Amino acid sequence: KNTEKVFYKYNLLYGSDSNNLIRTYSPKMRPMSSSISEFNKKMAQENSKNVFVFNEDEILEIIKARCKDIGISLRENMIYKFKNFINSKCRNRCVDLRDFYLGIHSIQLISHYIYKADRICRLNLTRNNLGDQGTEILINAVKNSMSLISLDIASNNISYKGGQFIFQNLSEQQSIIDLNISSLEGTNRNRITNLGLKYIDLFFNKNKYIETLNLSGNSLKDEGLVLICQSINDNRNLHTLNLSNNEIGSSGIIQGLTYINSCKLITLNLSNNQLLDSGIKALSNSLQYFPNLRELNISNCGFEFKGFEYLIKSLTLYKNIWTLNVSGNVVKDKNFENIKLYFESLTIRNLNMSKCLLGNETALTLGECITNNENIKKLNISCNKISDEGFKSFASLFSSNSTIESFDCSQNLITDKTATKFVKGIKFNQTLKKINLFDNQ
C-alpha cells in the first residue's frame, strides 16, 4: 500500500513498469492481481482528468516571456490561440513545448514553476533556444526535483559549457531516469563535444537513477567515447545509451572498449559512425563484457563483409543480442557461404539488413540460412538489389518457416514470376503477420 501511494503521488511510472516495481518492492503485499488492478484504475482516473499544469495567469506570463524572447509584441489574438496550445500540450503533469521558440526569459519563468512545486513529471523542450545560460537556469531548478522523470532538451544550442554544467549538477539528481541532450537536424543544434564530458565520470559514479541517456549528434569523437567507456562500468542502472552520429572512428572504439569490463547496457546505438571493419572486430571481441545487451544498432558504420563475419561468429558465442541492425553497410561478398553455419545458429530475433548491397548470390545463401534458423521473427532485406534469381530461396521459405512474423523485402527487383511462388508459400503459413513488398516490379 505504501509503495502504491508513492507511485500514485509522484506519478512515476505507468502500466507494466509500475507493475514490475510493485512486484519488486512490495513482495509481501496482498495478492498482486487485485493490487495492480486497483493501482491501474487510480492511474486511469488520474490521466482522464486532463489536469492542466499551468493556470491562466501562468500561461499569460509564459506567452509574454516567449514574445520577449523572439522580439515581437503581444497581441490579443495571440492569447487565446496560445492558451489553447499550451493547455493541449501541458496537462497531467507532462509539459511538451518543443519548437516553441523558448529563450532565456521563458526558461526563467518555467524553471521558477518547476522549482516552486513538484508539478511536472515529463518536460520536453526540444528545438528551442536555451543556450548555455538557459540550460544552467533550468538545471538549477530540476536538480532537486523529486517528480521529474524525463527531461528532453535536444537541439537547444548547448555547447560544451552547458554539457559540463549538466553532468556536474545532475550527478546526484534522484528522479530523472530519461535524459535527452542530443542534436537533431536543423537549427540550434547542440555541440557538447568531448569537452562537455569533463564531469561524465562524476555523473555515472554518483547518479543511481538514470536509465536512458541520448547524446547523439554531439560530435563527441574518439576522445568522448573513451571518456564514456572509462566511467560507465560502475553505473548499474543505465540500460540505454545512444551515441549515434558522433564522428567516432575505429581507433576511438578500439581504445575505449579496453576500459569496459562489466557493462550493464541493454540497448546500444553506435549508428552513423565510421567504425569500419577494425572497430567492429573490437566490438565483437568485447561482447562478453556486455552480458545484458539485447539491442545493438551499428547501421551506416562503414564496415564490410570482414567486419560482419567477425560479428556473426561472436554472436554464436555470446547469445544475448535479440535485435541487430547492420543496415547501410556493405556486407555483400562471394564468401558469404563461409558463415552459413554460424548464421543458422544465431539467436537474434530481429535482423535488419536493408541497404547492404545484397546481390542475388548473397541473397540465395541468406535465404537458406534463414530457412534453417528457428529464432528470427523480424527480417528486413529492403533496399537491396535482389531480383527473381536471388529471391528463389525466400519464395519457398514461408511454406516451412514457423517463426518469422514480419518480412520486409521492399524496394528490390522482384517481379510477378517469383512473387507468385512466394504467395503459394505463404498460403498455409500461420505465423507471418506483416509483409512489405512496396516498390518492386
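**Exercise 1. Work out whether Phe167 is buried or exposed, then look at its ring partner.**

*Solution.* Start with Phe167 in this predicted model. Its relative accessible area is 0%, and buried means under 20%, so Phe167 is buried. Next, check Phe203: at 1% relative accessibility, this residue counts as buried too.

Now for the rings. The structure holds 16 aromatic pairs. Phe167 and Phe203 make up one of them, with 5.2 Å centre to centre and 70° between the planes. Planes over 60 degrees apart count as edge-to-face, so that's the label for this pair.

Last step: place the two residues. Phe167 sits in helix α8 (residues 160–169) and Phe203 in helix α9 (residues 200–206), so their pair ties together parts that are 36 residues apart in sequence.

**Exercise 2. Find the rings that join into a cluster, and the arginines that lie over a ring face.**

*Solution.* Begin with the cluster: ring pairs link Phe391, Phe394, Phe398, Phe407 and Phe422. Then turn to the arginines. Arg66 lies over the face of Phe100, 4.6 Å from the ring centre. Arg294 does this over Trp322, at 4.9 Å from the ring centre.

**Exercise 3. How many residues of helix α13 are buried, and what do they pack against?**

*Solution.* Take helix α13 (residues 305–315) and go along it: eight of its 11 residues are buried, which makes the helix mostly covered. Tick them off as you go: Phe305, Gly307, Phe308, Glu309, Leu311, Ile312, Ser314 and Leu315. Then look at what surrounds them. These buried residues of α13 pack against α12 (276–285), β10 (323–325) and α14 (340–344).

**Exercise 4. Describe the cavities and the residues that line them.**

*Solution.* Here's the idea behind the search: rolling a probe the size of a water molecule over the atoms shows where empty space is left.

First, count: there are two cavities of 30 Å³ or more.

Second, take the largest cavity, which has about 120 Å³ of space. It is lined by 15 residues, and the closest to its centre are Leu225, Cys229, Leu257, Leu268 and Phe290. Both α10 (221–231) and α11 (250–257) supply at least two lining residues, with α10 giving the most, at three. Sort the lining by class and you get 15 nonpolar, no polar and no charged residues.

Third, go to the second largest cavity, with a volume of about 40 Å³. Its lining is made of Ile114, Ala117, Asp118, Arg119, Ile120, Ser145, Ser147 and Leu148. By class, that's four nonpolar, two polar and two charged residues.

Notes: Residues numbered from 1 in each chain as written. Predicted model: local features only at pLDDT ≥ 70, side-chain atom pairs only at ≥ 80, totals over all residues. Heavy atoms only, no water. Phe/Tyr/Trp six-rings, centres within 6.5 Å; stacked < 30°, edge-to-face > 60°. Helix = DSSP H or I, 4+ residues; strand = E, 2+ residues; numbered from the N terminus. Buried < 20%, exposed > 50% of the residue type's maximum accessible area, 1.4 Å probe, protein only. Lys NZ or Arg CZ within 6 Å of the ring centre and 35° of its normal. Contact = heavy atoms within 4.5 Å. 1 Å grid on protein atoms, 1.4 Å probe; cavity = no way out; pocket = protein on both sides within 12 Å on 5 of 7 lines; lining within 4 Å. Points joined across faces, edges and corners; volume = space filled by probe spheres on them. Nonpolar A, V, L, I, M, F, W, Y, C, P; charged D, E, K, R; others polar.
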